[in-house]
Amino acid sequence: TVGNLLYLVHRMPYPPNKGDKVRSYHLLKHLQQHHRVFLGTFIDDPQDAQHLDTLQKLCPDQYVAQLHPPLAKLRSLTGLLRQEALSLGYYRDTGLRAWVSQVSQKHRMDATVVFSSVMAMYAPPGVPMLVDFVDVDSAKWTQYASARPWPLSWLYRREGRRLLAYERTVAASARRSFFVTPNEAELFKSVAVEVASTVDAIKNGVDSEFFTPDAKRANPFAAGEQALVFTGAMDYWPNVDGVAWFVADMLPQLLLQWPQLRFYIVGRSPTPQVLALASERVVVTGTVPDVRPY
């Protein structure tokens, strides 16, 4: 162990069953190789409660704050009065703030690693900070605005502006800022030129051993069909938008050339819009115990 690290994550990094949690989980495991990690995080899904004991064993020094999305959405509206991004109010928690203060006083922190920009508001002053923004979240809100009617379009556009201002402030106070792809890093540099020299990309990888094809696994596809698979969290709007576009605009053309084609949408929490896509040629699986057979 070389030192103490405070690791602040907006969603508990276990189980690693969706995009951000896969990344934050592996980052936690990496940091633990050389440091004592103090984890401050939120639980926002009741189904994750069964994994709290595992997370405790994985990282004994931790504080997990309860986040109830409906209440958090109401709390976020205080941002309209504070003239700040609504995302900050959504993740504001007095218990987590008190825990960070307590462990920072008891144990000298050598660095703070922030996962998702909103968690930077908990970073103790005077401690070197590294930030994994993952995505340019402000840009996502601005994109959402173009696809939503008023007043949501106004609210999302405002969130994009306010969150970008906050992201720039965070990046300016960080030793280093990271994004998930070089393209995402370049996007941030283009809107925050003043911090461009400290911005870099850490790409996601794939556990090639875990995902090695295995003929012993049961085949979920029907004999003779040509399966085409999309996998992801199916309550995430860009994923919903993507499969809806594909089924409406692409699949009919593909079926003309490959009549045995069947499109599988594999992923947790499909929205009503995704469920409505199910047909003879479109299968919506919902949560599956193991995505590898697909």
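This report covers the sheet, the backbone exceptions, the salt bridges and a surface patch of one predicted model.

**Sheet**

The core element to start with is an open sheet of seven strands. Its strand order is 3-2-1-4-5-6-7, and the pairing is parallel. Strand 3 and strand 7 (199-201) stand at the edges. Each has a single partner strand, so one side of each has no neighbour in the sheet. From one strand to the next, the twist averages 20 degrees.

Two pairings can be followed in detail. Strand 2 (residues 35-43) runs parallel to strand 3 (residues 62-66), and five bridges join them. Within this pair, I43 stands opposite Q66 of strand 3. The chain leaves strand 2, passes through helix 2 (residues 52-58) and enters strand 3. This β-α-β crossover is right-handed.

Strand 5 (residues 129-134) pairs with strand 6 (residues 176-179) over four bridges, again in the parallel sense. Here V134 faces F179 in strand 6.

**Backbone exceptions**

Most peptide bonds are trans, and most residues other than glycine have a negative phi. Where does the chain depart from this? Two peptide bonds that precede a proline are cis: Y14 to P15, with omega about 0 degrees, and W150 to P151, with omega near 10 degrees. P15 sits in the loop between strand 1 (3-9) and helix 1 (19-32). P151 sits in the loop between helix 7 (137-146) and helix 8 (152-173).

Q83 is not a glycine, yet its phi is positive, at about 60 degrees. It belongs to the loop between helix 4 (78-82) and helix 5 (86-90). Q83 is partly exposed, with a relative accessible area of 47%.

S116 also has a positive phi without being a glycine, at about 85 degrees. The loop between strand 4 (111-115) and strand 5 holds S116. S116 has a relative accessible area of 7%, so it counts as buried, the limit being under 20%.

**Salt bridges**

Side chains of opposite charge can pair when their charged atoms come close. The structure holds 16 salt bridges. Three of them are listed here with the distance between N and O atoms.

| Pair | N to O distance |
|---|---|
| D20 and R11 | 2.9 Å |
| D135 and K140 | 3.4 Å |
| K189 and E186 | 3.3 Å |

How exposed are the partners? D20 is buried at 17% relative accessibility. R11 is buried too, at 15%. D135 is partly exposed at 22%, whereas K140 is buried at 18%.

K189 and E186 are both in helix 9 (residues 182-191). They are three residues apart, which means a separation of about one helical turn. K189 is partly exposed, with a relative accessible area of 22%. E186 is partly exposed as well, at 45%. Elsewhere, R11, D20 and D44 form one network through salt bridges that share partners.

**Surface patch**

Which residues form a nonpolar patch on the surface? The members are L71, L74, L77, L80, W150 and W154. Together they have about 690 Å² of accessible area. L71 is found in helix 3 (residues 69-76). Its relative accessible area is 53%, so L71 counts as exposed, the limit being over 50%. W150, another member of the patch, is also the residue before P151 at the cis bond with omega near 10 degrees.

Note on methods. Residues are numbered from 1 along each chain as its sequence is written. This is a predicted model: local features need pLDDT of at least 70, side-chain atom pairs count only at pLDDT 80 or more; totals for chains, interfaces and linings use all residues. Side-chain values use heavy atoms; hydrogens and water are left out. Patches are made of residues with over 30% relative accessible area and no salt bridge: like charges are joined within 9 Å, nonpolar side chains (Val, Leu, Ile, Met, Phe, Trp, Tyr) within 5 Å. Accessible areas come from the Shrake-Rupley method with a 1.4 Å probe; for residues, only the protein chains shown count as cover. A salt bridge is a side-chain nitrogen of Lys or Arg within 4 Å of a carboxyl oxygen of Asp or Glu. Helices (H or I, at least four residues) and strands (E, at least two) are DSSP runs, numbered from the N terminus. Buried means under 20% relative accessible area, exposed over 50%, partly exposed in between (1.4 Å probe, protein chains only). Two strands pair if DSSP finds at least two bridges between them. A crossover is right-handed if, with the strands pointing away from the viewer, the path from the first strand over the helix to the second runs clockwise. Axes are lines fitted to C-alpha atoms, for helices over the stretch in contact, and angles run from 0 to 180 degrees between N-to-C directions.
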